[in-house]
Amino acid sequence: MGSSTVNVRELVLEVMLAVTRDGEYSHIAIRNVLDKYRYLDKQERSFLKRVCEGTLEHMIWIDYVLNQFSSVEVKKMKPVVRCILRSSVYELKYMDAVPASATCNEAVKLAQARGFRNLKGFVNGVLRNISRNLMGVPMPDREAEPLKYLSLRYSMPEWVIKMWQQTYSFGQIEKILEAFLAKQPTAIRVNPLKTTKEELEKELKAAQVQVKDPGLIDVLFLEGYDTLERIPAFTAGKFHVQDVSSMQVGLWADPKEGNYVLDVCAAPGGKSIHMAELLNGTGLVEARDLTEHKVSLIRENIARCQLPNICAKAADARVLDKEKVGKADIVVADLPCSGLGVIGRKADIKYRLKETACRELAALQREILHTVRQYVKPGGALLYSTCTINYEENEGNAAWFLQGHPEFCLEQQKQILPQKGMCDGFFLAKFRKKE
């Protein structure tokens with residue numbers, strides 16, 4: 001790998017340091033590097049994405065392997081050396097097309113280029129030892145140590161699995177973890193105001209994008225494209241990227257022509273835009289979020305889709321907007337959450353998240369729900385959703401809401417678990433305000 005001007009593994013190292021040392025979000029770190037080096041060819045870009053994302057996905061297992069073969073514990077290594085070794089172990093295990101000798105040599109060169117000439121022998125020795133013995137790395141026994149086994153086999157922190165054990169069986173948890181590591185297509189929602197599913201499928205295929213029809217209304221799955229911005233149908237607003245599970249919000253809300261919909265935590269705007277499309281150009285969707293930056297993301301998407309019946313503004317969902325009390329036919333509260341349902345797309349969530357944060361987020365969700373319920377008209381609907389799998393934030397909060405707000409009744413609720421190659425984990429509850 002590598003073009004004349006830059007070594008792609010150097011860029012992998014840049015991303016891995018940004019994420020693991022500097023605390024940047026992986027999707028942002030990857031995007032920043034790809035934006036900076038736009039001249040990389042498609043193969044190099046996909047190599048970079050795959051190694052960075054794959055290393056993060058499997059990092060608990062990778063560190064376990066390194067600790068079996070290295071005289072220095074992973075947590076005591078220099079950050080640069082640690083990152084080089086981690087991504088190299090990922091290559092050795094998961095990238096058959098790259099010869100093991102090339103992986104080892106490139107790692108040694110990279111360590112040297114970064115000023116660690118004295119650790120060349122260490123890097124070389126550890127990686128060559130691992131490449132010879134990778135098939136024989138001992139794993140905890142599935143029956144005797146189920147928690148340890150799941151944590152290492154699927155690189156998930158033990159505390160998350162423990163939390164899920166209170167709600168789900170071993171088999172269900174293993175299915176969730178398998179789904180996270182499976183290849184995820186990009187789910188898109190056709191904009192029916194601009195095109196049909198059949199026309200869009202033809203147009204995408206003509207643009208060399210791999211398209212699959214999962215058999216759902218106005219949904220297609222995409223693979224094998226470089227970036228969305230390079231797909232003309234995307235820039236023309238003919239489709240929107242949205243996970244199949246999060247599309248349920250619009251479908252459950254079922255807005256009627258002329259409705260006023262208030263989406264209180266809307267960025268980047270997928271659900272709001274879906275509502276505006278379902279309203280068929282009538283009514284109004286007001287999409288709000290906390291900061292001007294987030295609102296600018298919503299506005300970008302509105303501009304791309306050219307919808308007349310949607311606007312965006314900055315507002316804090318915790319603060320009551322007296323002017324809107326009792327005005328909304330539908331309030332959408334897709335609230336900040338622990339994000340455990342989308343680990344398949346954002347692997348760094350599992351390392352970033354702390355147990356205490358789940359409790360704090362559950363409390364924040366209650367605070368927002370308590371405020372925004374006041375915007376719902378009698379007979380109107382409140383949709384509460386999160387992209388997590390956590391009883392306290394989901395079913396627990398729905399039960400809390402009903403108990404404290406008897407003017408509402410629960411119409412339906414559902415915890416969607418991630419499905420391999422199909423959808424993320426997601427929770428929805430639909431409340432109706434009594435007339």
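Here are four short exercises, with worked solutions, on a predicted model.

**Exercise 1. Find the cavity and say what lines it.**

Solution. Start with the whole structure: a search turns up one cavity of 30 Å³ or more. Next, get its volume, which comes to about 80 Å³ for the largest cavity. Now look at the walls. The lining counts 13 residues, and those closest to the centre are Arg 9, Ser 87, Ser 88, Glu 91 and Leu 110. Then ask which elements supply two or more lining residues: these are α1 (8–20), α3 (42–57), α5 (79–94) and α6 (100–113). Finish by sorting the lining by class, and you get seven nonpolar, three polar and three charged residues.

**Exercise 2. Describe how α1 and α2 pack against each other.**

Solution. Begin with the geometry. Helix α2 covers residues 26–36, and its axis comes within 9 Å of the α1 axis, with a crossing angle of roughly 145°. The handedness of this crossing is right-handed. Now pick out the side that each helix offers. From α1 come Leu 11, Glu 14, Val 15, Ala 18 and Val 19, while α2 brings Ser 26, Ala 29, Ile 30, Val 33 and Lys 36. Last, sort this contact by class: seven residues are nonpolar, one is polar and two are charged.

**Exercise 3. Classify the ring pair of Phe 401 and Phe 431.**

Solution. Aromatic pairs come up eight times in the structure, and we'll work through one of them. Two values describe such a pair: the distance of the centres and the angle of the planes. For Phe 401 and Phe 431 the centres are 4.7 Å apart and the planes make an angle of 45°. Stacked needs under 30 degrees and edge-to-face needs over 60, so an angle between those limits counts as tilted. That is the class of Phe 401 and Phe 431. To place the rings, put Phe 401 in helix α18 (residues 395–404) and Phe 431 in strand β11 (residues 426–433); at 30 residues apart, the pair links distant parts of the chain.

**Exercise 4. Check the backbone at Pro 268 and Gln 208.**

Solution. Take the proline: the Ala 267 to Pro 268 peptide bond has omega near 0°, making it cis. Pro 268 sits in the loop between β5 (260–263) and α14 (270–278). Then turn to Gln 208, a residue other than glycine with a positive phi, near 65°. Gln 208 also belongs to a loop, the one between α11 (197–206) and β2 (210–212).

Terms used. Residues are numbered from 1 along each chain as its sequence is written. This is a predicted model: local features need pLDDT of at least 70, side-chain atom pairs count only at pLDDT 80 or more; totals for chains, interfaces and linings use all residues. Side-chain values use heavy atoms; hydrogens and water are left out. On a 1 Å grid over the protein atoms alone, a cavity is a set of points where a 1.4 Å probe fits but cannot get out, and a pocket is an open set with protein on both sides within 12 Å along at least five of seven lines; lining residues have an atom within 4 Å of a point. Grid points are joined across faces, edges and corners, and a volume is the space filled by probe spheres set on the points. Helices (H or I, at least four residues) and strands (E, at least two) are DSSP runs, numbered from the N terminus. Ala, Val, Leu, Ile, Met, Phe, Trp, Tyr, Cys and Pro count as nonpolar, Asp, Glu, Lys and Arg as charged, and the others, Gly among them, as polar. Axes are lines fitted to C-alpha atoms, for helices over the stretch in contact, and angles run from 0 to 180 degrees between N-to-C directions. A crossing is left-handed if the near helix is turned anticlockwise from the far one by less than a right angle, and right-handed if clockwise. Contact means heavy atoms within 4.5 Å. Rings of Phe, Tyr and Trp (its six-membered ring) pair if their centres lie within 6.5 Å; planes under 30 degrees apart count as stacked, over 60 as edge-to-face and the rest as tilted.
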